[in-house]
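Thank you for making the time this morning. I would like to walk you through one model, and I will try to stay with what can be read from its coordinates.

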Amino acid sequence: MSQSLNFKNRFIDLGPEFYQEKQPDPVTDPYLIDYSPSAGELLNLPLDGGINFLDQFSGNQLMEGAQPLAMAYSGHQFGSYNPRLGDGRGLLLGEVLNDKNISWDVHLKGAGPTRFARGFDGRATLQSSIREHLGSEALHGLGISTTRSLAVIGIRELIYRQKPELAAILVRIADSHIRFGSFEFFHYTNQPKNVERLADFAIQNYHNEIWNEPDRYRIFFGRVLRVTAKLIAKWQAVGFVHGVMNTDNMTITGTTFDYGPYGFLDSFNTRYTPNLSDTHGRYSYQQQAEIGFWNLNKLAETLVSLAGADNLQEEIKQYQPLFNGFYRDEMGRKLGLSILDSDFSQLTQEMFQILQNQQMDYSNFFRLLANYPEQIEKKQFDEALHSWLDRYLKLCEREGISHNERKKEMDAVNPKYILRNHLVQRALERALKESDFSEVTRLRLLLGNPFEDQPELFNKYDIDPDFYSQDTPNEFLGRQLSCSA
Ligand code: AMP
Ligand code: MG
């Protein structure tokens, strides 16, 4: 028996200007690469995904109630407007209401070309799909708002990038697929009525409680601004670099969306950009907050006639203070400090200087710091870090909590495991060369709970925990990737 998902499709009611209805292209002999049961739970799927999972989620077998469609959108890519985007290879199968009355978009990425494909093949590489799968599940594990990846399903098809590559379908679960670029599409094609309908749709479905407010469009924008600032503050805190912060990759719900050449900081370098084609560093680590602001301005432009330019300006002004506040809170938690005054600000500034000068591993620094002063020999550090640690300890002392308590709090927010490039690379190599997907599964499990040691996982697989937590090996430091990798 096939599972029946409770499809309650809403987006389709907006009408054909908003999408192209299209069935997924059939695939031959789909096979499972990895399934995430915790993402499946969102749709009330069984632990193994259920019978017929592969046929249903590769698009071979249409589920009752699904109404697949490719969404229309445009967007600013690297600062320039591209009028012709849209789901070229993705399909929203439909929106599923779960037993908690929460609606989830179920989207297939790589389901065949749509009318937005611009001559591309409508497929996704196995590599990029595994990277998105692990990236999404890792950010979720870190407690950061993100689309989820239900599964990667391999298909027996070779596709051509720089060379022939294996293809796959990624099953993405998201609270929304409405992007800043969805608004831009109707704005730049001079369809103000459809900008309004999209805004109303977004408000009704995601902010229903403000529906009756006379200035609902302004409030809506303010909310998008707030969740965006919060999201980026969290990225900065864990050292996540999205890599392609185009306006078509930003959603109105403030979720991490569309994983391409993303990366995590290893040795601390604010100029790090994981995207090989980002030669000017537009989307580097240090730029992300600023780019979030730039993108929000682009969204605001589309809402001027609905919300009023002055009102939007007032909201826009809130971005920097909001971001600063969120970021300060994040850094406070990372350092185990709650008194976030000017001494704290100075301490964090100096910390970044030291991290940068000494190219220390960003994530492991905080794990190590949580042990200070009990289990750390200060002798191993240089003068600058030495004196920084003294000042840090003074700020710890005024908090009035024990070292054990502080360590517990810090270890709960500073990951022991992050998705380091060499870890993904190893999982990819095994997958591509040996069709061995077990490392993908292990990484998903490990990174689903990145704050815990998880000895049972290592015992079960008889693997070395240090390999997963140690600093990135030199040859992988600051690795960059191309968009199709
Ligand atoms: P992305 O880099 O995934 O955000 O994609 C940017 C745009 O290119 C979107 O409109 C995608 O739908 C489209 N696109 C990327 N790769 C393909 C492909 N292989 N086939 C069709 N469209 C694609
Ligand atoms: Mg995109």
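I will go through the domains, the core, the metal site, the open and closed spaces, a helix and a few backbone details, in that order.

Please keep in mind throughout that this is a predicted model, and that every value I quote is computed from it. The protein chain is divided into domain 1, covering 11-178, and domain 2, covering 336-411, and the C-alpha centres of these two domains lie 42 Å apart.

Let me turn to the interior. The largest nonpolar core has 143 residues, and within that set the residues that touch the most other members are Phe 11, Phe 57, Leu 150, Phe 183, Trp 388 and Tyr 392. The largest share of this core, 11 residues, is supplied by helix α6, residues 216-238, and the core also draws at least three residues from each of domain 1 and domain 2. If we take Tyr 392 from that list and set aside its neighbours within four places in sequence, we find Tyr 392 in contact with Leu 335, Leu 337, Leu 347, Leu 369, Tyr 372, Arg 406 and Met 410.

Two further residues give a view of the packing. Ile 178 sits in the loop between β10 (164-174) and α4 (180-188), and because its relative accessibility is 2%, Ile 178 counts as buried. Beyond four places in sequence, the contacts of Ile 178 are Phe 11, Met 71, Phe 183, Leu 198, Phe 201, Tyr 206, Met 250, Thr 251 and Ile 252. The second is Leu 296, in helix α7, residues 288-307, which is buried with a relative accessible area of 0%. Not counting residues up to four places away, Leu 296 touches Phe 180, Phe 221, Val 224, Leu 225, Thr 228, Ile 316 and Tyr 319.

Next, the metal. Which residues coordinate the magnesium ion, ligand 2? In this model they are Asn 249, through OD1, and Asp 258, through OD, at 2.0 to 2.2 Å, and both Asn 249 and Asp 258 are buried.

Asp 258 appears again when we look at the largest pocket, which holds about 1000 Å³ of space. This pocket is lined by 39 residues, and those nearest its centre are Arg 89, Lys 109, Arg 118, Asp 258 and Cys 483. Among the elements, β7 (103-109), β8 (124-125), α3 and β10 each supply at least two residues of the lining, with α3 giving the most, namely four residues.

As for enclosed space, a search of the whole structure finds four cavities of 30 Å³ or more, and the largest cavity holds about 70 Å³. Its lining includes Arg 131, Tyr 262, Asp 266, Tyr 272, Arg 420 and Arg 479, and the elements that give two or more residues to that lining are β12 (263-264) and α14 (421-434).

That brings me to helix α15, residues 438-447, where eight of the 10 residues are buried, so the helix is largely enclosed by the rest of the structure. The buried residues of α15 are Glu 439, Val 440, Thr 441, Arg 442, Leu 443, Arg 444, Leu 446 and Leu 447, and you will notice that Arg 442 and Arg 444 are on that list. What covers these buried residues includes β2, α1 (37-41), α3 (126-141), α14, α16 (455-461) and α17 (465-469).

Finally, some backbone details that you may wish to inspect on the screen. A cis peptide bond joins Tyr 372 and Pro 373, with omega at about 5°, and Pro 373 is placed in the loop between α11 (362-369) and α12 (383-399). Where is Asp 29, which has a positive phi of about 50° although it is not a glycine? Asp 29 lies in the loop between β1 (19-21) and β2 (31-35), and because its relative accessibility is 47%, Asp 29 counts as partly exposed. Gln 359 likewise has a positive phi, near 45°, in a residue other than glycine. Gln 359 is located in the loop between α10 (342-358) and α11, and at 54% relative accessibility Gln 359 counts as exposed.

Key. Residues numbered from 1 in each chain as written. Chains lettered and ligands numbered in written order. Predicted model: local features only at pLDDT ≥ 70, side-chain atom pairs only at ≥ 80, totals over all residues. Heavy atoms only, no water. Donors = N, O, S within 2.8 Å, 3.2 Å for Na, K, Ca; no water. Buried < 20%, exposed > 50% of the residue type's maximum accessible area, 1.4 Å probe, protein only. Core = buried A, V, L, I, M, F, W, Y, C linked by side-chain atoms within 4.5 Å. Domains from an automatic or database assignment. Contact = heavy atoms within 4.5 Å. 1 Å grid on protein atoms, 1.4 Å probe; cavity = no way out; pocket = protein on both sides within 12 Å on 5 of 7 lines; lining within 4 Å. Points joined across faces, edges and corners; volume = space filled by probe spheres on them.
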